[in-house]
Amino acid sequence: MDALTQLINGFGTALTPENLLYAFLGVLLGTAIGVLPGIGPAMTVALLLPLTYALPATSAIIMFAGIYYGGMYGGSTTSILLNTPGESASVVTAIEGNKMAKNGRAAQALATAAIGSFVAGTIATLLLALLAPTVARLAIKIGPADYFAVILLAFIAITSVLGSSRVRGLASLGLGLTIGLIGIDATSGQQRLTFGVPQLADGIDIVIVAVGLFAVGEALWTAAHLRRRPIEVIPVGTPRMSREDWRRSWKPWLRGTAIGFPFGAIPAGGAEIPTFLSYVTEKKLSQHPEEFGHGAIEGVAGPEATNNASAAGGLVPMLTLGLPTTATAAVLLVALRTYGIQPGPRLFETEPVLVWGLIASLFIGNTMLLVLNLPLAPLWARLLRIPRPYLYAGILFFSSLGAYSVNASSFDLFLLLAIGALGFLMRRFGLPVLPAIIGEILGPFAEEKLRQALQISNGDLSGLVTPVSVVIFVISALLLLSPLVRRLLPRKATPPVLTEVGEVLEETHHHEQVVAADDGRAGRPPSA
């Protein structure tokens, strides 16, 4: 009941004219950015972060959350109309959504994606409001050793889930941890990895790292693969659904919500796996399995609901534990820290106006998105015709402007270019970007908790052993050793569900490797 009372107070914060304006700007910009292939919400928030320092913290975070949700909505438009997912979480939507569009049902595909996103986002946000305070109260009771174990589990889970190669995931994480070490050690006062450069003594600002890896790296990668040919966009009418479409979609919406929210709420990274599971589930339960692969509406409704429910679920560990599970959540965590706000168990006590205003704004933004997406779908489709050279030139300009505004230092521009080149090389060799960002953000925090635990035990490693941490360490070890264990065990028949997931992965493999010529998306290995 206390959560509902706080939520009502949050609506009082979110419904002020100023915050309503920023919520509207966020969802409008997020949808437009989500429609454009290759520009995700994480890049957008990273670009805008240096430009919003003058805004109140609550207004800025509400706008960024609108961009987060809007990007999820807009990504489905690109998947359906161009067969080119704007993000990896939209890969599954492209399978059936583009087939529906080619069959003359683009309007129905966009409608079920928009309404399903609204339904799932609303239910998942309500679950966030009810569960997050409870998780925060439980998190207060865990000590430094438990925190270190949880962060270690997040590192291993994210590097294991993202991409086809755990080695590449761990390599990306290592890069992020190394960047996080740069600067003066808080305990000894010694400089680490500064190479005698005084500007590095304070470390590298996370905003520069985020903008460099996401925006500059993506722009350079796209420019390197840009080809010139006219882009073909399937015409869109007014999105609408028939009674039969509603009958076939409402159950996938609810099942997608039930699958997506728990996966988002655990620190295991992203909506890729739950969207695949949702697609397989709908294929198994559908009364029209013969339509799958040819434009089944259930194959759009379920994954899109799962995607948005997972996005809301991802805010649970970010707000209560300070653990981001997606790239956008990682940049949102950076945004909170730039305002001097530390996400964690006490956030609901120290910043109740911001937290509950944010959660209430998600309900408002979700409604705004539904109103925007249904009648304006043809307009969003026209954005796909923007010439990519102009678009990415603008991104590089605003990236440089944002990096310079952090410290008003020209040295930061050289850092931005260097980190952007690193982002380009990571994409070239198939290293996922998210583990690097999370390693840079959480690495110093993990070091701090590790030292606190060892100081409490006078340097004895037994200080890392608690009932909670032991369980988490065991789970982490199982995640690391599972490939070796599977090789040693005798081979058995693959379970049907895993076989279906494998088929879906094969069917969507080309979405992650092939560049859609002038649409600005560059092909990359599956692990990117």
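Start with the largest nonpolar core of this predicted model. It holds 131 residues. Select F64, I204, F214, I359 and I437: these have the most contacts inside the core.

Next, select residues 57-82. This is helix α4, which gives the most to the core, with 14 residues.

Stay with F64, and show what surrounds this side chain. Beyond its neighbours within four places in sequence, F64 is in contact with V45, L48, L49 and T52. L332 and A335 also touch F64.

Now pick T58, also in helix α4. Is T58 buried or exposed? T58 counts as buried, because its relative accessibility is 16% and the cut-off for buried is under 20%. Show its partners: T58 touches T13, N19 and L354, with residues up to four places away in sequence not counted.

Leave the largest core and select I95, F276, Y279 and F292. They are among the six residues of a second, separate core.

Move on to helix α12, residues 298-313. How far does α12 reach from its first C-alpha to its last? The span is 22 Å for 16 residues, close to the 22 Å expected at 1.5 Å a residue. Color this helix by accessibility. Of its 16 residues, 16 are buried, so α12 is largely enclosed by the rest of the structure.

Within α12, center on T306. This threonine is buried, with a relative accessible area of 0%. Which side chain makes a polar contact with that of T306? Select S278: the two side chains are joined by a polar contact of 3.2 Å. S278 is also one of the residues in contact with T306 once neighbours within four places in sequence are left aside. Add the others to the selection: G256, I259, G260, P274 and T275.

Finish by coloring the chain by pLDDT. The chain mean is 77, and 82% of the residues reach 70 or more. Which helix has the highest mean pLDDT among the elements of the chain, and which the lowest? Select residues 352-373 for the highest: helix α16, at 88. Select residues 496-507 for the lowest: helix α22, at 48.

Then extend to residues 504-528, where the pLDDT is below 50. Beyond near neighbours in sequence, this stretch has 76 contacts in the model. Take care with them: where pLDDT is low, the predicted coordinates should not be read in detail.

Conventions
Residues numbered from 1 in each chain as written. Predicted model: local features only at pLDDT ≥ 70, side-chain atom pairs only at ≥ 80, totals over all residues. Heavy atoms only, no water. pLDDT = per-residue confidence, 0-100. Helix = DSSP H or I, 4+ residues; strand = E, 2+ residues; numbered from the N terminus. Contact = heavy atoms within 4.5 Å. Buried < 20%, exposed > 50% of the residue type's maximum accessible area, 1.4 Å probe, protein only. Polar contact = N/O pair within 3.5 Å; in protein donor to acceptor, adjacent residues only side chain to side chain. Core = buried A, V, L, I, M, F, W, Y, C linked by side-chain atoms within 4.5 Å. Expected span 1.5 Å × (residues − 1).
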